[in-house]
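These are my notebook entries on one structure. I wrote down what I looked up, entry by entry.

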Amino acid sequence: MRQLHAGHYSMLPLGWRVHQKVANIVRQEIEAIGGQEFLLPTMHPASIWKESGRWDTMGEIMFRLEDRKGAETALGITHEEIFATVASELSSYKQLPQIWYHIQTKFRDEARPKSGLLRVREFHMKDSYSFDVDTAGLDKAFDAHDVAYRRIFARLGIPSFGVEASNGAMGGTDSVEFMTPSDAGEDDVVRCPNCDYAGNIEKATSTLPDIDDGPASELEKFATPGVRTIAALESFDGGASADHQLKSLVMMLDGTITLVVVRGDHQLNMQKLADATGAIDIRPAEVDETFAALGAHPGSLGAVNVADHPVIVDVVLRDRVNMTTGANDDDFHYRGVSVDRDLEVAQWVDLREVREGEACVNCGAALEIVRCIEIGHIFKLGTKFSETFGVNVSNADGDVVPVEMGSYGIGIGRNMAAAVEAHHDDKGIVWPVAIAPYEAVITLMRVDDETLEAGTKIYDDLKRAGVDVLIDDRDARAGVKFADAELIGFPYRITLGPRGLANGEAEVTRRQSGETENVPIAGLVDALVPEINEARDAGRHG
RNA sequence: CGGGUUGUAGCGCAGCUUGGUAGCGCGCCUCGUUCGGGACGAGGAGGUCGGGAGUUCAAAUCUCCCCAACCCGACCA
């Protein structure tokens with residue numbers, strides 16, 4: 001791997017072999033659930049993206065350019081639109097279900113490419129799309145992908161689990177992300193150690209202990225000179241503990257000043273807010289914008305009796321009474337706030353970010369938060385794209401209905417990187433046999449006729465038996481060859497040297513265990529081939 | 001987009017404060033010795049000092065502008 005440019009890497013021969021092996025495993029498993037391979041263009045006319053509305057909603061992530069005629073063009077970030085245009089030729093439920101896929105370059109103008117292959121601007125993705133006449137069919141295609149993805153990760157040797165996820169800009173109803181724990185990742189996942197609950201922090205919820213607020217009382221404004229923070233109000237005489245306060249955040253949602261209210265000790269999750277409101281451009285309001293809207297500065301803000309701006313409130317605050325919050329008057333707060341009575345709530349939404357140790361909604365166990373790499377994502381899209389692009393079929397009753405679509409993605413390069421994250425030690429990579437650039441290397445201690453002849457014989461025999469094998473006949477010292485083989489991570493090293501050759505023996509070293517055994521050369525290939533075959537197909541079904 | 005750091009030989013870096021003929025390690029080439037865990041000796045090749053402008057007798061070094069990469073954050077199927 002060599003970097004050409006931020007987020008763009010040149011793939012050298014060894015890396016490219018791994019890439020192709022990963023792609024082939026993905027290909028096999030998608031074919032196994034009925035997928036058919038296509039290849040769609042990666043350069044698209046703007047018109048198709050405008051039709052779906054994503055020309056605007058995708059924002060700066062999309063590379064846009066003009067051709068010589070001045071026509072707007074985009075580099076594909078994903079292919080829902082393009083597959084939908086092909087699928088518009090479908091006309092009958094008898095042609096369904098369909099699973100179509102391709103492995104194609106995606107371009108995404110990421111704000112900050114990082115971490116080698118984990119986040120790049122140009123990469124290969126397998127994206128498949130399912131087409132069904134009804135939601136039952138969509139469920140089936142979705143579940144089939146769920147199974148296929150788990151098989152893929154098992155074969156790649158990547159530990160994985162599925163989590164509830166935000167659909168983000170993709171839209172649709174349901175989505176599951178596949179995650180592998182790694183410090184190199186970029187997603188926080190809330191996971192229950194006791195049951196199988198897991199959710200992206202952008203979506204996950206938890207159970208909170210009940211809070212007794214006592215009987216509701218009158219709204220009362222009181223002076224709080226100098227109090228500007230939740231913590232300060234906690235220690236202020238006549239204040240309130242954080243879980244009895246309302247935290248009011250002033251946000252700009254697509255240019256509209258909006259008040260967002262969460263409990264004093266809770267953190268707003270921006271993605272939850274984005275999902276709930278459908279807003280594209282979200283940012284905290286500037287201090288002067290806030291003052292113009294509410295007449296107070298941060299630290300004294302509140303949503304009580306605010307009618308001119310939408311107020312969005314976290315669901316856990318429903319029915320809470322005797323709360324304390326800013327009064328939109330510098331140095332004054334309200335106490336005795338009944339949320340339902342005193343706030344004009346436009347929307348009740350789950351907004352708060354789950355914290356480590358909170359109770360699992362299923363079983364009550366303390367939740368943990370794990371850093372993860374997202375290695376796959378599957379979506380139920382519903383009829384959003386099929387309606388836009390006229391992907392309609394006649395159903396069994398003769399009615400013309402929009403097709404139920406699903407969309408399923410795996411980044412090839414990112415999975416390579418995730419496999420390395422899962423399989424390395426202080427000497428280098430420890431490739432799983434299934435995706436190793438070469439499954440075995442024959443290391444010649446000396447490059448003389450006798451050694452070369454013995455090595456070539458083993459090379460030919462292994463090759464004939466279907467093993468990916470490389471012969472290291474460089475004129476280099478033993479230590480150099482050993483260190484390189486370990487760094488690259490070939491699963492098997494066959495060492496041929498004068499010591500062994502004198503006894504008709506070779507050494508077999510397994511990268512994973514690091515252990516070496518002497519094996520008679522005569523039976524070497526017959527002994528090794530079944531072991532390699534089995535390791536290569538580990539996790540593979542029929 | 002905000003904050004920080006860095007651009008000098010293929011790779012990793014020093015030199016910049018205090019301007020005066022561009023250096024070190026690894027790698028590379030040649031010869032010799034060595035040769036089962038990253039050898040040693042001798043000789044050698046290799047650089048628009050990120051780009052542009054300025055100051056100066058003189059700029060890798062000082063000033064200004066630009067570009068790029070990396071890290072943190074914002075953002076992100």
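**Entry: a term I needed before starting**

I noted that angles of 65 to 115 degrees count as roughly perpendicular, those under 35 degrees as roughly parallel and those over 145 as roughly antiparallel. I also kept in mind that this is a predicted model.

**Entry: helix 1 against helix 11**

I looked up how helix 1 and helix 11 are placed, and found an angle of about 110° with the axes 9 Å apart. I therefore recorded helix 1 and helix 11 as roughly perpendicular to each other. On the side of helix 1, the contact is made by Val18, His19, Val22, Ala23 and Val26, and on the side of helix 11 by Ile412, Gly413, Asn415 and Met416. I sorted the residues of this contact into 6 nonpolar, 3 polar and no charged.

**Entry: helix 11 and Ile412**

I next asked how many of the residues of helix 11 are buried. Helix 11 covers residues 412–422, and 9 of its 11 residues are buried, so that I describe this helix as mostly covered. The buried ones are Ile412, Gly413, Arg414, Asn415, Met416, Ala417, Ala418, Ala419 and Val420.

I then chose Ile412, which is found in helix 11, for a separate look. Is Ile412 buried or exposed? Ile412 is buried because 20 other C-beta atoms lie within 10 Å, and a residue needs 20 or more to count as buried. Leaving out residues up to four places away in sequence, I listed His19, Val22, Ala23, Val26, Ile103, His124, Met125 and Lys126 as the residues that Ile412 touches. Of these, His19, Val22, Ala23 and Val26 also appear in the contact of helix 1 with helix 11. I also looked up Gly376, which is 36 residues from Ile412 in sequence and 9.6 Å from it in space, C-alpha to C-alpha.

**Entry: helix 1 against helix 5**

I returned to helix 1 (residues 13–32) and examined its packing with helix 5 (residues 135–156). The angle is about 150° and the axes are 9 Å apart. That makes helix 1 roughly antiparallel to helix 5. I noted the crossing of these two helices as right-handed. In helix 1, the residues Val22, Ile25, Val26, Glu29, Ile30 and Ala32 meet Ala148, Arg151, Ile152, Arg155 and Leu156 in helix 5. The residues of this contact are 8 nonpolar, no polar and 3 charged.

**Entry: helix 12 against helix 15**

I looked up one further pair, helix 12 (residues 449–464) and helix 15 (residues 521–536). Their axes come within 10 Å and cross at roughly 25°. Helix 12 and helix 15 are therefore roughly parallel to each other. Their crossing is right-handed. I found Ala454, Ile458, Asp461 and Leu462 of helix 12 meeting Ile521, Leu524 and Val525 of helix 15. This contact has 6 nonpolar residues, no polar ones and 1 charged.

**Entry: helix 4**

I checked helix 4 (residues 80–87) for burial and found it mostly covered, with 6 of its 8 residues buried. I recorded the buried residues as Glu80, Glu81, Ile82, Phe83, Ala84 and Ala87.

**Entry: Gly302 in a loop**

Where does Gly302 lie? I located Gly302 in the loop between helix 8 (287–294) and strand 17 (311–314). Gly302 counts as buried because it has 27 C-beta neighbours inside 10 Å. Setting aside neighbours within four places in sequence, I found Gly302 in contact with Leu246, Ser248, Thr325, Gly326, Ala327, Asn328 and Tyr334. I also noted Leu259, 43 residues away along the chain, whose C-alpha atom is separated from that of Gly302 by 8.2 Å.

**Entry: the whole chain**

I counted 15 helices and 31 strands in chain A. Its C-alpha trace spans about 95 × 60 × 50 Å along the principal axes. Of its 542 residues, 39% count as buried. Among contacts in chain A with a separation of 6 or more, I found that 72% join residues 24 or more positions apart.

**Entry: confidence of the prediction**

I closed with the scores. Chain A averages a pLDDT of 91, and 98% of the residues score at least 70. Among the elements of chain A, the lowest mean pLDDT, 76, belongs to strand 1 (residues 2–5), and the highest, 98, to strand 3 (residues 35–37). The model scores ipTM 0.90 and pTM 0.91.

How values were computed. Residues numbered from 1 in each chain as written. Chains lettered and ligands numbered in written order. Predicted model: local features only at pLDDT ≥ 70, side-chain atom pairs only at ≥ 80, totals over all residues. Buried ≥ 20, exposed ≤ 12 C-beta atoms within 10 Å, placed from the backbone. Helix = DSSP H or I, 4+ residues; strand = E, 2+ residues; numbered from the N terminus. Axes fitted to C-alpha atoms, helices over the stretch in contact; angles between N-to-C directions. Left-handed = near helix turned anticlockwise from the far one by under 90°. Contact = placed C-beta atoms within 7 Å. Nonpolar A, V, L, I, M, F, W, Y, C, P; charged D, E, K, R; others polar. pLDDT = per-residue confidence, 0-100.
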